[in-house]
Amino acid sequence: EISDAVPMPEGVDVGGRIDFDVTMNGKPSDLAGFRSNGGANLAGVTAVMPKVFKNPVELNGRISLTPAAVKVENIRMISGKSDFEFAGQVTNYMTLAGLGKEVALFTGTVQSKTVALDDLIVTDETTVIKPWDFEEPIKNAPVPPMLAGDLRVFMNTVTFGKLRADSVKGRLTFHDGVYEMKGLTVAAYGGSLTGSSVFSIVNPDSTTYGGDFKLNAFDSAQFIADFLGVGDIVRGKLSSALSFSGAGLDSVSMLSNLKASGNMAFDKGQIVNWDFAKKLGDHLKFLNFDTLDFQSIKNSFRVENQKFVSPDMALTTSFGDMLIDGATGFDKAIDYTITFNLDKKTSEKALSSLSGLTKYIEAKPDRLELTVNAGGSLTSPSFRLDTSAAEAVLKDALKDRVTEEVDKLLDSKDAEELKQKGKDILKGILKKD
C-alpha cells in the first residue's frame, strides 16, 4: 500500500496498490555491468494533488523494466472528465538518474477519448506567469533535460473553455531543445485544421518558433466567438492558410519579432452587430451595416512591425463590391482605404443621401465608386468620405446623358418638324435680304 510505504508532501494524498517484482545486479555506476529486470503493477493507484490537478488522479497498468528499456504497458489515467492511455518505452533511462551520457529516448503513443483541459489542470492566475506579463525581454530559457521523445498523439474530444475539437492527431517530437508537432490534424467546428509547428531553445539567448497551418471550412461564427470571446460578429465558412515565425518568451520580444503571412476566405456569411461596421454605416447614411450580408470575403495578409496588414481584402455583397487596403496595429490603431463599387440601386440611394452629390442624381450611373478613409482605432474610428473621383465620373456621365437626350430629340418626329420650321425661318430671312 502506497500510503503506508511512502511519505508524501503536505496536501498530497496517495492511495492504492503497487506490486513490484524487480531484480537488480551490479553497480548502477557501472552501466556496462548493471542489470535490472522486472516491473510494477499499478492497481487503482490514486493521487490527490490539489495544486496540480483539479480532480483525483487514478492510474492502472504496468511498467516493465529491462536492461534496455523501461516499458509503459497501457497505463490508463483518469482525472475528472479526462482520460489518457500511455504506451511506449524509454531507452537509455539511466541517464535520467544522472548515471549515463546517452540521451534517454521516450517513444510511444498517447490516446484519449476525452480531454477537458479546464477541468484537468489547476491554474492559479495569481502565480502563473504568462509571456505577456513581462515588460522586459527574457534572454535565457530553461535548459531541456537529457530526454528526447517521439510520441504519436490520438485524441477524440478536446475542450478548453468554450473551445472544442472533435479529434486531434499528430506526432510530437523533442530532441536537443527542438520541439516539433508534425502532421497535426484537428477536426473542429464543422471543418479541419492541419499543419505543423516548431519551438526551439537550442540557443538559450534566442528562443524561436514557427509553423504552418491551414483551416478548411470552419464555422466562423462559433469559432471566432469561442476563440476571441467577442460574441457572434462574423458568420460563414472560414478557410485560411498561415505561415508564421517569431522569437522570444516575453511580450516585448514576441510582438517585435512576430511575422506571418497567408490568406483567408469567408463564404456566404454575415457581419453582425460589429461596432466598427455599424459606425461606418452611420457615417455613410445610405447603408445600414448592423447586418452586412456578403457572398464572399477574400484577402491576403501579413503580420509585420506589430501590424496586421491586409492590402487586398475584397468583399462581394448585395449592394456591390468593397475593396479594403490598410493595416490594424496591435494597439488597435487603424489606417484603411475602403473603396465601394456600388450597384445601380444603391448608387441612386447614395446620390439622394450625400449632399455633395445630389446635383448629379440625373446622371443615373450603373455603378458608383466612393472612397472612405478610416483612421483612429477599431473601438473609436474616424471616417472621411472622398467623393472627388466620383464627381469627375458623374460630371462626364451627366454630359453623356444630356447629349444622349438631345440626340434622341433630334432623331424623333418632332425633331423633323423643328428642322423644317428652322429652314422656313431661314429662307424667310434670306428673301428679305
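## The end of helix α5

K285, just after α5, takes a positive phi of about 75°. The model is predicted, and this phi is a value computed from it.

The helix itself spans residues 275-284. Which of its residues are buried? They are F276, A277, L280, G281 and L284. An α-helix has 3.6 residues a turn, so residues three or four places apart point the same way. Seen down the axis of α5, the buried residues fall within an arc of 135°, so they line one face of the helix.

## What covers the helix

Which strands help to cover the buried residues of α5? The cover includes β14 (259-272) and β18 (334-342). It also includes β19 (368-376) and β20 (381-386).

Some of these strands pair with each other. β18 and β19 run antiparallel and share seven bridges. There, F340 has L370 of β19 as its bridge partner. β19 also pairs with β20, again in the antiparallel sense, over six bridges. T371 is bridged to D386 in β20. Four residues lie between β19 and β20, and the two strands form a hairpin.

## Aromatic pairs

How many aromatic pairs does a search of the whole structure find? The count is 14. A pair of aromatic rings is described by the distance of the centres and the angle of the planes.

Y179 and F199 form a tilted pair. Their centres are 6.4 Å apart, with 45° between the planes. This pair links distant parts of the chain, 20 residues apart. Y179 sits in strand β10 (residues 178-188), and F199 in strand β11 (residues 191-200). Y179 is partly exposed, at a relative accessible area of 28%. F199 is partly exposed as well, at 29%. Ring pairs join Y179 and F199 with F174 in a cluster.

## A stacked pair

F301 and F308 also form an aromatic pair. Is it stacked or tilted? The pair is stacked: 5.3 Å centre to centre, with 20° between the planes. Planes under 30 degrees apart count as stacked, so the 20° between F301 and F308 meets that cut-off.

Are the two residues buried or partly exposed? F301 is buried, with a relative accessible area of 9%. F308 is partly exposed, with a relative accessible area of 27%. Buried means under 20% relative accessible area, so F301 at 9% qualifies and F308 at 27% does not.

Notes
Residues are numbered from 1 along each chain as its sequence is written. This is a predicted model: local features need pLDDT of at least 70, side-chain atom pairs count only at pLDDT 80 or more; totals for chains, interfaces and linings use all residues. Side-chain values use heavy atoms; hydrogens and water are left out. Rings of Phe, Tyr and Trp (its six-membered ring) pair if their centres lie within 6.5 Å; planes under 30 degrees apart count as stacked, over 60 as edge-to-face and the rest as tilted. Buried means under 20% relative accessible area, exposed over 50%, partly exposed in between (1.4 Å probe, protein chains only). The arc is that of the directions from the helix axis to the C-beta atoms. Contact means heavy atoms within 4.5 Å. Two strands pair if DSSP finds at least two bridges between them.
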